[in-house]
Structure formats: structure tokens, C-alpha cells
Amino acid sequence: MTAVTRPIGLFDMAAQQALIRADIDRRIASVLDSGRFINGPEVAELEAALAAFSGAAHCVGVSSGTDALQIAMMAEGIGRGDAVFLPAFTYTATAEVPLVLGATPIFVDVEEGTFNIDLADLRRRIALVEAEGKLRPRAVVGVDLFGRPADWPAIQAICAEKGMFTLDDAAQAFGASLHGKRLGQWADAAALSFYPTKTLGCYGDGGALLTNDADRAALYRQLRTHGEGGSRYEVLRTGMNGRLDTIQATILLAKMPLFEGELAARRVIAARYAEQLGDAVRVPGEMEGAEQAWGIYSILLRDEAERDRVKASLQAQGIPSGIYYPKPLHHQPAYAAGHLASIGQMPPLPVAESLCGRILALPMHPYLDTAQVDRVAAAVRGAL
Ligand SMILES: *Cc1c(COP(=O)(O)O)cnc(C)c1O
């Protein structure tokens, strides 16, 4: 009873930092000495390391996960008149980017078992857009929510048949693999985020694009630097300022040696939660053929009252929890009107709506110890 326990974080960046602080300080000092704050050699070094890790042929570092999505869609020329299909149950950035480019997001329902895009509903909504003939089905953004890979072979098959672009929003899932191939090799391009709490995070904003396509990679490099190509100050296309800065790149390089071990630790924690909680609540299951990145660990409660009761009870015991996401995107004030106007006959999105009321994220980071996991699990059981 008197043991002093470390506070449990929903995420924890301090434990990791303690392991590599000296290296981080040395690396930041080295960038300060070099003065190469933009496009320093550490950026290319990181890109090579991320390509090697993921197995993708090319990696282009960019300023955030959101900008990675935007650069990928700009490279395809996605804009007005284009329909971009994406899950209704995801972070806002996935939907914001097509809207910023003038395209129309078409929200697709998700599966309760995987939290990821529902393929039957995807096919149905592509057919509705085709039948209506107002928008051109251009792209599918698959999200690997919470680090669980979407069904990429099936998404690729649907899009290949229709000539649609596939973009993997892997912001929560770097490190995950499917049938032995890491994310970054499945879709036409994959977007990573290095927001501090993601599986691989920097100390600010950062992101990257992975692709096996050399032409796309070259375009991404142009677009992240204002569309410049050929020579400096020759502007070939409309781009943006979307570079990854050198200090963030070197911080990520310092974290790379820990990354495999951290993914393994997340898998152990997920298995422990499942063992302790699997008979009491819906836990995220293992997935056939997939190695998950376990970026976020979300359980499902019976209804909103139970979810809110468990959340409050955890909070009273000093245990943080999170709700990803409290609202499906088609109910967000910014998107609701556009959603209703996007296609004439709009089928409902019942699973996305239901998940928002029942989902609860438990503490998940590689530095949780077994006693802490057990304490969280016991608190959840006690609150049911
Ligand atoms: C975090 C996140 C993004 C955006 O990444 P940023 O680096 O914060 O711009 C996009 N999509 C999903 C699913 C995310 O979780």
C-alpha cells in the first residue's frame, strides 16, 4: 500500500527522453553549430532510415502528417469535382485536406471489429457517386486507426479496378505490418505523422511520405519546396512550404534505435490488457496476418453511460483515458453541411456514430510496466 508508483500517463514522452537525452542534446548542439536548420544532411539521413525501416523505396520528409496528406493529394492533381473516400471515424486532418484542395470528402462507415473502413460500404458509396455522375471518384484514403492496418489488399483491388489513387493515412500506425510487409509498401503512398504522441514522434511537428514510385517521390520533393524544380527559384508548379526541419529530423534519428523495442513493448502491453480485460469489455483483437503498431489502445463499452462512468472512475483514481473520437466527422460543424450536400442519396453511418459513444482509450506507451497495466485493468473492471 505504501509503494510509491510512477504516475500513469495516457502517453509518456519523458521516460523515453530520459534514455536518449544526452544524445538529443548532442544532436541539437550539432545542428546549432552547423547552422543548417533547413535541409540539413540529417533530413536525408532520416529519409534513408525510414525508407529502410518500412521497406518503401522512397521517403520524403515533410512538415506534418496533415501536410503529407496534402502534398500526396496535390501531386495527383486532386481538386474540384473529385470525390475522395475516407472513413467517417478518424482524425479531422484526413477530411480537411481534400476540402482545402476543393475536392469533396465522401465519408464511409467503418467496421465495429477493426475500427477501419468498411469495404462493402466503400463499394456502395463509390457506386452511388458513379451513378449520380456529378463527382469523379478519384481516391481512397485508408486510415490505419489506432495502429491497426486497414485491409490494404482489398482497398488496392477496389481502386485498381476503378483507376483510383490509394493513400494510406498511417499517422497512427508507423511500424505496423501486414502479411510481412510494413505500411509504406501497400498503398500508392503512405503519410506518416511525427506529432509527439505518435508511435514515432519528434519534439514538434513533422511528417513523411513513403512510396515505391520514383516519379511521385520526385513530385513530393518539389511540392514541399514551393513547387521549385530544375534550378532554385524556378517554380514548376504550385506547391507549399512543407519541409521537415533539421532539428526534428535529428531528434527522430536519435529515437530510431529504440523504435523496434518500443513496438515490441506495445505488443506486450496490448496482450496484457487483452488478458486482463478480454472477458469483461470489448478489447481490440489480434488481426490475422497483421502486426499492429498499437499507437492507441481503445476498448469498447456497452453504451455511453458506461463509457462515461468508466472514464470518470479512472480519473478519480488518477488514471488518464481518452476519447478518440467523440464525434464522427460527418457530425462535425465544419463538415456536416458539405456531407449532406455531397451526394444525393446519403446512406447513414451507423457504426461510426455508435463507436463515438462507446470508445475509450486506455494508457498506452512503451514505458508502462506490468503493474501499471494491471492497475489500469483492475480500475476498468471495478468501474463496470
Ligand atoms: C495525427 C493524425 C494526422 C495528422 O498528423 P499531424 O502531424 O498532426 O498533422 C492525420 N491523420 C490521423 C489519422 C492522425 O492521427
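**Exercise 1. Find where Phe 37 lies, and decide whether Phe 37 is buried, partly exposed or exposed.**

Step 1. Start with the location: Phe 37 sits in the loop that joins α1 (14–34) to α2 (41–54). Keep in mind that this is a predicted model.

Step 2. Turn to accessibility. Partly exposed covers the range between under 20% (buried) and over 50% (exposed). Phe 37 has 41% relative accessibility, so Phe 37 counts as partly exposed.

Step 3. Look at the company Phe 37 keeps. Together with Leu 32 and Ile 38, Phe 37 makes a nonpolar surface patch of about 290 Å².

**Exercise 2. Work out where the largest nonpolar core lies relative to domain 1 and domain 2.**

Step 1. Pick out the hubs. This core has 52 residues, and the ones touching the most other members are Leu 50, Phe 85 and Leu 122.

Step 2. List the contributors. Elements that each supply at least two residues include α2, β2 (82–87), β3 (104–108), α5 (119–132) and α8 (246–277). The largest share, 6 residues, is from α8.

Step 3. Bring in the domains. Both domain 1 (13–255) and domain 2 (257–383) give residues to this core, so the core lies between them.

Step 4. Zoom in on one hub. Beyond its neighbours within four places in sequence, Leu 50 contacts residues including Cys 59, Phe 174, Leu 210 and Met 256.

Step 5. Do not stop at one core: a second, separate core of 48 residues includes Leu 167, Leu 219, Ile 296 and Leu 355.

**Exercise 3. Show which parts of the chain are tied together by the salt bridges Arg 358–Glu 112 and Asp 279–Arg 381.**

Step 1. Recall the principle: side chains of opposite charge can pair when their charged atoms come close. The whole structure holds 23 salt bridges.

Step 2. Take Arg 358 and Glu 112, whose closest N and O atoms are 2.9 Å apart. Arg 358 belongs to helix α11 (residues 350–358) and Glu 112 to the loop between β3 and α5, so this pair ties together parts 246 residues apart in sequence. Arg 358 is buried at 13% relative accessibility, while Glu 112 is partly exposed at 26%.

Step 3. Now take Asp 279 and Arg 381, with closest N and O atoms 2.9 Å apart. Asp 279 is in the loop between α8 and β10 (290–291) and Arg 381 in helix α12 (residues 370–383), so the parts joined are 102 residues apart in sequence. Asp 279 is exposed at 63%; Arg 381 is partly exposed at 39%.

Conventions. Residues are numbered from 1 along each chain as its sequence is written. This is a predicted model: local features need pLDDT of at least 70, side-chain atom pairs count only at pLDDT 80 or more; totals for chains, interfaces and linings use all residues. Side-chain values use heavy atoms; hydrogens and water are left out. Patches are made of residues with over 30% relative accessible area and no salt bridge: like charges are joined within 9 Å, nonpolar side chains (Val, Leu, Ile, Met, Phe, Trp, Tyr) within 5 Å. Accessible areas come from the Shrake-Rupley method with a 1.4 Å probe; for residues, only the protein chains shown count as cover. A salt bridge is a side-chain nitrogen of Lys or Arg within 4 Å of a carboxyl oxygen of Asp or Glu. Helices (H or I, at least four residues) and strands (E, at least two) are DSSP runs, numbered from the N terminus. Buried means under 20% relative accessible area, exposed over 50%, partly exposed in between (1.4 Å probe, protein chains only). A nonpolar core is a set of buried Ala, Val, Leu, Ile, Met, Phe, Trp, Tyr and Cys residues joined through side-chain atoms within 4.5 Å. Domain bounds come from an automatic or database domain assignment. Contact means heavy atoms within 4.5 Å.
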